[in-house]
Amino acid sequence: MHFFDYKNRKLYCEGLPIEEIAQRVGTPFYLYSYHTLVRHFTVFNQAFDRIPHLVCYSVKANSNIALIRLFVGLGAGMDVVSGGELYRAINGGADPKKIVFSGVGKGNDEIEYALKSGILMFNVESSQELQAINDVAGRIGEKAPIGIRVNPDIDPKTHPYISTGLKKNKFGIDIRMAPKAYQLASELPNLQIIGIDCHIGSQLVEVEPIVEALRKLKRLVEELRKEGKEILYLDLGGGLGITYEDEEPPQPVEYASNILEEIKEFDCTLILEPGRVIVGNAGVLVTRVLYTKENEVKKFIIVDAGMNDLVRPSYYGSFHQILPVTQETREEIVADVVGPVCESSDFLARDRKIERLRPGDLVAVMSAGAYGFSMSTNYNSRRRVAEVLVRDDRMYVIRHRESYEDLIRGEEIPDFLVNPQE
Ligand code: LLP
């Protein structure tokens, strides 16, 4: 469900024609629909209403502070994986008491920052990390609330790059070794055990692997409780998939009811860390056709957005629908939609059935709200693009296009290169 629709052959975001936005901000740019974001978050959150729960939006999916603020206003907590994301969450107005900090490689500076901020819980991914958190907490006179991220060894049946809950993945502590890790945590003086966590992967289109993981976690929690360890929070991570092409992931309500069925009468607060399902279909990347060309074997549509702006197609082979911003009667061709970056892997679509677009035409690359801007880079010294939020018929630039000055900010030419004779 989203509010990007054609009216009179023009593609709109809510009440604004995308063409008009492009005229005002230039291309390429990311465009988000406020009402879609609100709806996605609300539907997801309400689906769990029957039990105590906290939805911690996964900041990595889209970390713009305007979006963070929007979700905070709807009661969201945040799932962060770096000091930078924590900084964003706090600047977006998030309540630190609703922030969970995941990730396999937390540095001491990040641990200290999180402790001083008073976050809800560290999701700890190794015994050495337990030790590190204990040490930092001791040094600054804090007690660190922790849960252990358990790796349940379950195949989430998704792209190998975004599977995280298999033994061969770097994430979490093997479920068989988790009791030992909890024992260590209970012996470390500056830690307070409060939870348990897992996240088995992203873009999940089946609910069974999640339910299976939950069952395994429940068994472990029962064991831990018998030993007197207090598990107040059970964090199931994120991962619910969306429709990019023809996938049919469970709706949030169905996903929730499977989880609720398993967890009812299990005395704890459920934490969820959705990212993609909240923002994925609420955003598009708008780009303009620069040129077209063809040879005997290929047709190319060259647009002004590249793999540095949206890396998913070249990195994961992901499919994103590409829609013309103005509907016309055009011949259908098969073409590669490519960007200006100097890499053969710089494409937004390959061998795609698409209308014969002409230079100057605008297209919207759909379902780009998650892992779009947040994975964008400055490769080829391309300036990162603007981000725009539309609410009804008003637009707000929530990130300005970078300038050339932004590109070299922080760089310095050493004196000996400026004055070689000295
Ligand atoms: N929690 C943890 C611990 C995670 O690692 C992730 C995603 C999430 C929550 C949110 O997952 P979601 O609900 O968005 O599926 N760049 C890839 C996706 C990487 C996901 C990484 N972890 C992509 O573009 O498909």
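**Group meeting: salt bridges, cores and two helices**

Okay, let's start with a pair of side chains: Arg409 forms a salt bridge with Asp406, and the closest N and O atoms are 2.5 Å apart. Keep in mind that this is a predicted model. So how open is that pair? Arg409 counts as exposed because its relative accessible area is 59%, and Asp406 is partly exposed at 28%. Still on charges, Glu328, Arg330, Glu355, Arg358 and Asp361 are joined into one network by salt bridges that share partners. The structure as a whole holds 25 salt bridges.

Two more of them are worth a look. One is between the side chains of Arg149 and Glu125, at 3.0 Å from N to O. Arg149 sits in strand β9 and Glu125 in the loop between β8 and α6, so this one links distant parts of the chain, 24 residues apart. Buried or exposed, for Arg149? Buried, with a relative accessible area of 6%. Glu125 is buried as well, at 4%.

The other one pairs Glu402 with Arg384, 2.9 Å from N to O. Glu402 is in the loop between β21 (394-399) and α12 (404-408), while Arg384 is in the loop between β19 (362-365) and β20 (386-391), so the bridge ties together parts that are 18 residues apart in sequence. Here Glu402 is buried, at 8% relative accessibility, and Arg384 is partly exposed, with a relative accessible area of 21%. The cut-off for buried is under 20%, so Arg384 falls on the partly exposed side of it.

Now the nonpolar side of things. As background, nonpolar side chains in soluble globular proteins tend to be buried together. In our model, the largest nonpolar core has 104 residues, and Phe48, Phe71, Met78, Phe122, Ile146 and Leu234 have the most contacts inside it. Which helix gives the most to this core? That's α8, residues 208-226, with eight residues. There's also a second, separate core of 21 residues, including Leu323, Leu362, Ala386 and Val388.

If you want one residue to click on, try Phe71. Leaving aside neighbours within four places in sequence, Phe71 is in contact with Leu37, Phe41, Tyr57, Ala76, Met78, Ile278 and Val279.

On to helix α7, residues 178-187. Its buried residues are Ala178, Ala181, Tyr182 and Ala185. Those four cover an arc of only 100° around the axis, which means they lie on the same side of α7. Flip to the other side of α7 and you find Lys180 and Glu187, both exposed. What do the buried residues of α7 pack against? They pack against α6, β9, β10 (173-174), β11 (191-197) and α8. You've met β9 already, as the strand with Arg149, and α8 as the helix that gives the most to the largest core.

Helix α5, residues 108-117, has a mixed bag of buried residues: Glu110, Ile111, Glu112, Ala114, Leu115 and Ser117. They pack against α4 (83-91), β7 (99-101), β8 (121-124), α6 (127-140) and β9 (144-151). Just after α5 comes Gly118, with a positive phi of about 75°.

Last stop, the surface. Ile413, Phe416, Leu417 and Val418 form a nonpolar patch there, with about 440 Å² of accessible area together. Leu417 is in helix α13, residues 415-418, and it counts as exposed because its relative accessibility is 51%. The cut-off for exposed is over 50%, so keep that number in mind for Leu417.

Definitions and conventions. Residues are numbered from 1 along each chain as its sequence is written. This is a predicted model: local features need pLDDT of at least 70, side-chain atom pairs count only at pLDDT 80 or more; totals for chains, interfaces and linings use all residues. Side-chain values use heavy atoms; hydrogens and water are left out. A nonpolar core is a set of buried Ala, Val, Leu, Ile, Met, Phe, Trp, Tyr and Cys residues joined through side-chain atoms within 4.5 Å. Buried means under 20% relative accessible area, exposed over 50%, partly exposed in between (1.4 Å probe, protein chains only). Helices (H or I, at least four residues) and strands (E, at least two) are DSSP runs, numbered from the N terminus. Contact means heavy atoms within 4.5 Å. Patches are made of residues with over 30% relative accessible area and no salt bridge: like charges are joined within 9 Å, nonpolar side chains (Val, Leu, Ile, Met, Phe, Trp, Tyr) within 5 Å. Accessible areas come from the Shrake-Rupley method with a 1.4 Å probe; for residues, only the protein chains shown count as cover. A salt bridge is a side-chain nitrogen of Lys or Arg within 4 Å of a carboxyl oxygen of Asp or Glu. The arc is that of the directions from the helix axis to the C-beta atoms.
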